[in-house]
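Hi there,

Here is the structure I promised to pass on. Please have a look at it first, and then read on for my notes.

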Amino acid sequence: MESNKNSSRRRQDGKKSTPLSRKPQSKKPLNRKPLDKKVVKKEFKKITPNKISDESSGIRLNKYIANSGICSRREADTYIEHGSVEVNGKLVTEMGYKVQPDDIVRFDGTSITPEQKRYVLLNKPKNYITTMEDDRGRKTVMELIANASKERIYPVGRLDRNTTGLLMFTNDGDLAKKLTHPKHNVRKLYHASLDRKLELKDLEKLRGEVVIEGKKVFIDAISYVNGEPKTEVGIEIHSGRNRIVRKIFEHVGYKVNKLDRVIFAELTKKNLPRGRWRELTNLEVNNLQMLK
């Protein structure tokens, strides 16, 4: 019985032996033949940033539209997004699309082209309305500047029919937008002739902020005109609301008999007779474009 137990133990001990107890066999290098494949050499090219394209490689569509005098670049983006623009017969809604020199661009079905920027200042007379055309046959300011530019230019803001003075025209949509937006505080100085003397207490009421038709209007400055009767008043505002100066004086019980805009964005009527126009100088244009 003991011999059988010993033999079984020897068998069990043999099973417990592991490879770790064995001597490691020497490994012989394998004589494998190299794979018969071509070695592909990777070439790494230096990535250079794209150069900013100049006008010859295309002009952004929104700038193209603005240069055509239709609107500002920001407004052009809205028109593009809403499907108002076609290039070579295809609808374009992509922001940043580049127009090439030979492309045909249509805005609301009408072909447009970028034009040279023009800036014209008119000393508007009475009885002309500030509109491109009038179906009632009234005289418009466009008749007065008909020979000022071969490019189609537009009035910047408005002067009502009976108001005289400075009115600017341009096909520069971006600048026009800047000059008419209240946030840029573009200076407008008017000479108002009232139906009666402006009482000092009423003058004081018009200093600062007033509410006209439920909306606040800030009056930058107001005073009597030096050396003139108390019916003559100078008033400076930056609001562009229709007939706003007349409404301001009506607010305190006065009627404006005559109204003349004598300064617009630091431009004056110096050497510019009533009904005549002139082109802005390069310095004047640069000053306007620097407005913040």
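How much space lies in the largest cavity? The answer is about 30 Å³. Before I go further, please keep in mind that this is a predicted model.

**The cavity**

A search of the whole structure turns up one cavity of 30 Å³ or more. Its lining is made by Arg60, Leu61, Asn62, Asp77, Ile80 and Gly96. Two elements, α2 (61-67) and α3 (73-81), give two or more residues each to that lining. By class, the lining of this cavity divides into two nonpolar, two polar and two charged residues.

**The pockets**

Now to the open spaces. The largest pocket has a volume of about 300 Å³. It is lined by 22 residues, and those closest to its centre are Arg158, Tyr190, Gly240, Arg241 and Arg261. If you want to find the walls by element, look at α5 (173-180), β10, α7 (244-251) and β14, each of which supplies at least two residues of the lining. The lining of the largest pocket has nine nonpolar, six polar and seven charged residues.

The second largest pocket has a volume of about 250 Å³. The residues that line this pocket are Ser72, Arg73, Arg74, Asp174, Lys177, Lys178, His181, Lys183 and His184. Here α3 and α5 are the elements that give two or more residues to the lining. With three residues, α5 gives the most. The class make-up of the second largest pocket is worth a look: no nonpolar residues, three polar and six charged. You will notice that α5 turns up in the lining of the largest pocket and in that of the second largest pocket, while α3 contributes to the second largest pocket and to the cavity.

**Around strand β14**

Strand β14 (residues 256-264) is a good place to start on the strands. As a reminder, strands of a sheet pair through backbone hydrogen bonds, either parallel or antiparallel. Which sense does β14 take with β9 (residues 163-170), parallel or antiparallel? These two pair in the parallel sense, over three bridges, with Gly165 opposite Arg261 of β14. Arg261 is also among the residues closest to the centre of the largest pocket.

With β10 (residues 188-194), β14 pairs in the antiparallel sense over seven bridges. One pair to look up there is Leu189 with its bridge partner Ile263 in β14. Ile263 also stands opposite Thr268 in β15. The strands β14 and β15 (residues 267-268) run antiparallel and are joined by two bridges. Together β14 and β15 form a hairpin with two residues between them, and Ala265 in the turn has a positive phi of about 55°.

**Thr163**

Thr163 lies in strand β9. Is this residue buried or exposed? Its relative accessibility is 2%, so Thr163 counts as buried. The side chain of Thr163 makes a polar contact of 2.7 Å with the side chain of Asp160. Leaving aside residues up to four places away in sequence, Thr163 touches Lys124, Pro125, Arg246 and Leu259.

**A four-stranded sheet**

There is also an open sheet of four strands, in the order β3-β2-β5-β6, with antiparallel pairing. The edge strands are β3 (90-91) and β6 (110-112), each of which pairs on one side only. Strand β5 (residues 105-107) runs antiparallel to β6, and three bridges join them. In this pair, Arg106 stands opposite Ser111 in β6.

**Two loop residues with positive phi**

Finally, two loop residues that you may like to check. Asn88 is not a glycine, yet has a positive phi of about 55°. You will find Asn88 in the loop between β2 (85-87) and β3. Asn88 is partly exposed, with a relative accessible area of 44%.

Arg243 is the other one: its phi is near 55°, a positive value in a residue other than glycine. Arg243 sits in the loop between β13 (232-237) and α7. With a relative accessible area of 38%, Arg243 is partly exposed.

Enjoy looking around, and do write back with any thoughts.

Best wishes

Notes:
Residues numbered from 1 in each chain as written. Predicted model: local features only at pLDDT ≥ 70, side-chain atom pairs only at ≥ 80, totals over all residues. Heavy atoms only, no water. Pairing = 2+ DSSP bridges. Buried < 20%, exposed > 50% of the residue type's maximum accessible area, 1.4 Å probe, protein only. Polar contact = N/O pair within 3.5 Å; in protein donor to acceptor, adjacent residues only side chain to side chain. Contact = heavy atoms within 4.5 Å. 1 Å grid on protein atoms, 1.4 Å probe; cavity = no way out; pocket = protein on both sides within 12 Å on 5 of 7 lines; lining within 4 Å. Points joined across faces, edges and corners; volume = space filled by probe spheres on them. Nonpolar A, V, L, I, M, F, W, Y, C, P; charged D, E, K, R; others polar.
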